[in-house]
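Please read the points below with the model open beside you, and follow each one along the chain as you go.

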Amino acid sequence: METAASLADLGLKVALVERSETLGGQAAHWACMATTSCAKCSACLIEDSISRTSLHPGIQVYTHAEITEIRKENGHYEMDLVPARGSMKERNTHPDWPVKTPTTVQGNSVVLATGFEPFDPKNQRLLGYGHLPEVTTTKDLDDILKRDDLDAFLPKSENANRVAFIQCVGSRDRKNGREYCSQFCCKTSIRLVNRMKHLRPELDVTIYYIDLQIMGKEFRSFYEDTKKNVRFLQGVPAEVRPGSEVGSVKLVGIDPKTGLGMVEEYNRVVLAVGMAPDIRNQKLIDGFGLETNEFGFFASKDDSGLITTQTPGVYLAGACAGPSDIQQSRLQAMAAARRIAAGLVNGGATASQTA
């Protein structure tokens with residue numbers, strides 16, 4: 001959306017192709033983390049971008065669209081679109097957006113912004129997700145807070161208040177080929193904890209981590225304030241087991257300081273899940289002649305902001321090129337727009353963005 005709006009502001013015609021039924025990607029589902037002040041989570045920026053993009057006269061939006069074929073003709077790309085698989089919700093606004101019949105779009109340049117998939121921890125059986133009801137994920141908790149329904153996570157009636165966060169689930173995992181940091185998980189957990197304690201000050205929260213990614217002077221201050229009311233323990237538990245009482249679980253692991261076994265009991269456990277590449281990208285990889293890196297994300301041509309590919313005229317923006325948060329993704333999107341604007345001649349030039 002950032003790339004599309006930046007290029008359209010310059011007078012370029014832009015086609016924005018979105019596979020989902022609505023704009024905004026994963027970030028559109030994230031809750032605002034503000035308490036008495038802004039938490040700098042950038043969730044509000046997504047709403048602004050959706051409004052700006054959907055109302056821009058220079059942007060043609062195609063939602064619920066799936067690319068079936070990609071061709072390069074006379075220096076520009078043509079993409080055939082069909083309605084995406086799955087149900088399509090009835091829309092009361094912008095009724096012309098959803099792709100209902102086969103359509104073709106074209107552009108001199110293409111920006112791929114297909115995002116990521118949240119890591120699914122169900123296969124990591126030792127962590128309990130999917131079979132222990134007390135275990136959830138940061139994505140699930142974010143959905144709950146967006147609905148303003150913290151009781152769905154931990155009902156007040158249970159008179160229970162011990163919560164643990166386990167960081168780096170699906171990240172920094174060499175055994176499973178995920179030896180990378182997902183960039184946003186530490187900040188996400190800290191913001192979620194602050195939002196929860198704002199709503200329920202009585203909550204007793206512990207964050208288990210490998211190492212904390214809290215770059216930036218402003219967020220470090222935010223972290224220092226959080227430390228006053230939240231326990232941070234280095235070293236992540238290896239297993240989550242049923243607790244001694246109904247509605248509780250035990251975390252089992254090794255204390256990194258003493259090397260001795262540790263067991264602690266909590267009422268709820270939140271797994272901070274990382275980013276995974278979208279497995280539905282294969283058609284784009286084949287159609288544009290792209291490569292992926294060792295983790296499955298789109299590979300960039302060089303280190304120039306991770307936005308260029310080995311295919312001329314095809315650029316990357318956001319987490320499809322590797323883990324990044326909203327602010328990093330916006331910076332990449334603006335960099336891609338600058339590259340395209342510098343290479344296109346105004347007056348009939350077209351840019352196409354695939355989300």
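1. In this predicted model, strand β1 (residues 13-17) and strand β2 (residues 59-62) run parallel and are joined by 4 bridges. One pair that you can look up is Val17, whose bridge partner in β2 is Tyr62. Between the two strands the chain passes through helix α2 (residues 43-55), and the β-α-β crossover made in this way is right-handed.

2. Helix α2 also contains Ser51. Is Ser51 buried, exposed or partly exposed? Its relative accessible area is 37%, and because buried means under 20% and exposed over 50%, Ser51 counts as partly exposed. From the C-alpha atom of Ser51 to that of Asp204 the separation is 39 Å, and these residues stand 153 residues apart along the chain.

3. A further point concerns an open sheet of 5 strands, which has the order β8-β15-β9-β10-β11 and parallel pairing. Its edge strands, each pairing on one side only, are β8 (135-137) and β11 (231-234). On average, neighbouring strands of this sheet are turned by 25° against each other, with direction ignored.

4. Within that order, strand β9 (residues 162-169) is joined to strand β15 (residues 268-273) by 5 bridges, and the two run parallel. Here Phe165 has Val270 as its bridge partner in β15.

5. Two helices should be viewed together with these strands. Helix α3 (residues 138-146) lies across β8, β9 and β15, and runs at about 80° to β8. Helix α4 (residues 185-199), in turn, lies across β9, β10 (204-209), β11 and β15, and runs at about 165° to β9.

Key: Residues numbered from 1 in each chain as written. Predicted model: local features only at pLDDT ≥ 70, side-chain atom pairs only at ≥ 80, totals over all residues. Heavy atoms only, no water. Pairing = 2+ DSSP bridges. Right-handed = clockwise from strand over helix to strand, strands pointing away. Buried < 20%, exposed > 50% of the residue type's maximum accessible area, 1.4 Å probe, protein only. Axes fitted to C-alpha atoms, helices over the stretch in contact; angles between N-to-C directions. Contact = heavy atoms within 4.5 Å.
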